[in-house]
There are 2 protein chains.
Amino acid sequence: MSTRIRALRAHDVRFPTSDGLHGSDAMNPDPDYSAAVAIVETTDPALTGHGLTFTIGRGNELCVAAIRAYERHLVDRDLDEIEADLGAFWRTLAGDSQLRWLGPEKGVVHLALAAVVNAVWDLLARRVKKPLWKYLVDLEPEAVVRAVDFRHISDVLSREAALELLEAKRDGKGAREAQLLREGYPAYVTSAGWLGYDEPTLRTRCRAAIADGWTHFKIKVGADPEDDVRRCRIVREEIGPTRKLMVDANQVWNVDEAIGHIERLAEFDLWWVEEPTSPDDVLGHARIAKAVHPIRIATGEHCQNRVMIKQLLQAEAVDVLQIDGCRLGGINEVIAAILLAAHFDVPVCPHAGGVGLCEHVQHFSAFDYVCASGSLEDRITEYADHLHEHFVQRIEMRDGHYRLPAAPGLGVEFEAASLAEFAYPDGPVWSARRSAS
Amino acid sequence: MSTRIRALRAHDVRFPTSDGLHGSDAMNPDPDYSAAVAIVETTDPALTGHGLTFTIGRGNELCVAAIRAYERHLVDRDLDEIEADLGAFWRTLAGDSQLRWLGPEKGVVHLALAAVVNAVWDLLARRVKKPLWKYLVDLEPEAVVRAVDFRHISDVLSREAALELLEAKRDGKGAREAQLLREGYPAYVTSAGWLGYDEPTLRTRCRAAIADGWTHFKIKVGADPEDDVRRCRIVREEIGPTRKLMVDANQVWNVDEAIGHIERLAEFDLWWVEEPTSPDDVLGHARIAKAVHPIRIATGEHCQNRVMIKQLLQAEAVDVLQIDGCRLGGINEVIAAILLAAHFDVPVCPHAGGVGLCEHVQHFSAFDYVCASGSLEDRITEYADHLHEHFVQRIEMRDGHYRLPAAPGLGVEFEAASLAEFAYPDGPVWSARRSAS
């Protein structure tokens, strides 16, 4: 008997992270890490799919409402039919013309699309009892490209070229998978350098991270140039000359400002500079990248779709492509981004942090290495040590590496207790805060 | 005594336009023209501001909810203080870091921002009893540039350069204003050529439009190449060789497809080709524009912010810039777009149609001509003859020209009866449809 989707439920969960300035940066001084959660129920009571999109507080309710708006495209769909053409499934949702008008393919409707689409991929992987990365790695190249919408990117990467690229990487897949299972996927840590931390906290956090085996460190910059220099100096002192230092400006600079500030920070031997300016500014990033070469420019966490990814790569605007599988329209578009980056031979270093993002990126990076890029050179995936305790499946880090998950699915199912406790606005955590204020 | 904002109300209004295939195109087969309405109440019971953003149905509730999310930034604000620094006001709303995360500066939160921001401009113009275009035209150049956020565009247009540009156009302002009051602003009509219309309807509508004095005609293409040729031939037959014909593909083509299809339609002497591909594809538009020159490429109605406008102009990707003051973040960003276009000497031909958009564009085009571009060459503003009867102030068209409005404000206040009748989901029109189905 076929398994069908029965219902789509949505939840609003928010964590009051702004209390401790965790996650603070030059653009986002007081984030409350939040998730708009999509839960897809099926006719099989034991089979439920979980997806989420990440926000930083206010407006999470908009993503929750947008998740609900996609329900009409899910209910009564047969899982076998969805799986047989994952691209057609994606286009049905992304192509809902009335919802598409609100983007198109960007903003709240696209964030919500990611949650819904990823919940369905979670379902499909759980159904065959594979972790998502393994489900992806085991797909035939034909099925992988079928999942991608090549509309508006085929001028640069056609379906045929994408298929060739995957076929060319068939050799060695088994060895690369075995290597990842043995060694894990290399990660870097962001939690040491949030902008709100004072100098002693910064030093303490650096030392703790070194003790935990981390080799790549990223700190926030962009609020005040003098302070950026001071903080880079502290971190470089702590981590020594051989560990890698990256800085993240979170979009605050103008193009010319960015070039000036990056030149000023060059003495600290930056491995990359992240989000130097508006995430929409392909041409601006291209100018910055050219001006500060060989310092590498990274961006992509706010890049909303494959058309923007295509242009960042075409224009040689990024040296490191950071993708976010909750901002792109879910795994279908993550695959498109990974294939585009492999085509241009630009390393993909997915964006994580927040709540639930680390849980996603381990799957994406594994797929990238085993099936698309075949390389670990200059590749490293973000990690932040926040809020993992709220998920049923726990991430496992060892010596600065993600250990590949073994449990079925995507791994973003919240603990029922966390869903209830941090429910917004009526869960006990938020009710208590309202009473106290 | 100062006038303060007291409350922000939001309404969901939808018109069942999909019944008659009005507004149908290759990307949007069945739009229900809708508005998310922002109404700003003040401590002066006689002074209320009205703004809206346009959507095509499902998801309008998301924009309504997003409007409400901005209320915290409005309540208790003094109108004099807002008016003294309209840029600071805009940045407070656009820069709400938690809401900004959901864009940034795009999608639902930016659509809603437009409604809210425009409602406040409406307030300010009403307070001095001027139509918005006149309020804008009478602002000192210093005040105009103060309203603009130059962040992320100053590499191309600085505040100082924008000020110079406005100062240089000071001469002749009075004469241009008098000319517009006398002659109106030239318009073109879209209503003749919706994709859902059959051949007799197309011919009848063309003849009626010619009889009404229209000289520029735009039709929808992009569903089927053979049909596009057939429909262009019909319209060209009806309008003769001297009237202008534009076609609108509503984003459906890939870059290479667009070039091929446009070359195929070249025999019909196209004045412009609109939205040939993804609105995010700056580099794609640049390639198309170069390939099909001298046929002109128009885009911008889905262009979300000044950073994208900047790049379209930098890359020579557009010959005609269509702006939408409900998709850009309201009048502040419309001014930025108009200044950027004037800097690059590219004509601005604002996007209208839908519900309430024509009401906006007459103000923008008047400001552009009087203060920024100083030219009417190759400039023409969109008009569609739908749904104007629902507004308190009625647009006046004569001989294919917008007559500049004389009533105070922006002119997008809905009739109370229309707000009630078409309220979604519980107004009588929608209740009756649910009962009937």
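Here are some friendly notes on how the two chains relate and how chain A is divided.

1. A word on the ground rules: this is a predicted model, in which local features need pLDDT of at least 70 and side-chain atom pairs count only at pLDDT 80 or more, while totals for chains, interfaces and linings use all residues. Residues are numbered from 1 along each chain as its sequence is written, and chains are lettered from A and ligands numbered from 1 in the order in which they are written.

2. Start with the pair. A turn of 180 degrees and a shift of 0.0 Å along the axis lay chain A on chain B with an RMSD of 0.0 Å (superposed by least squares on the C-alpha atoms of residues with pLDDT of at least 70 in both copies). The two copies are thus related as by a two-fold rotation axis. Both copies use the same surface, as 100% of the contact residues of chain A recur in chain B (contact: C-beta atoms, placed from the backbone, within 7 Å).

3. To find the axis, look at A:G107: of the residues of chain A, its C-alpha comes closest, at 2.1 Å.

4. Now look within chain A. Its domain assignment (bounds from an automatic or database assignment) gives domain 1 (5–129 + 417–432) and domain 2 (173–412). Taken over C-alpha atoms, their centres are 23 Å apart. Their contact takes 35 residues from domain 1 of chain A and 32 residues from domain 2 of chain A.

5. On the side of domain 1 of chain A that touches domain 2 of chain A, α5(A) gives the most, with eleven residues (helices are DSSP runs of H or I, at least four residues, numbered from the N terminus).

Methods:
Two residues are in contact if their C-beta atoms, placed from the backbone, lie within 7 Å. Helices (H or I, at least four residues) and strands (E, at least two) are DSSP runs, numbered from the N terminus.
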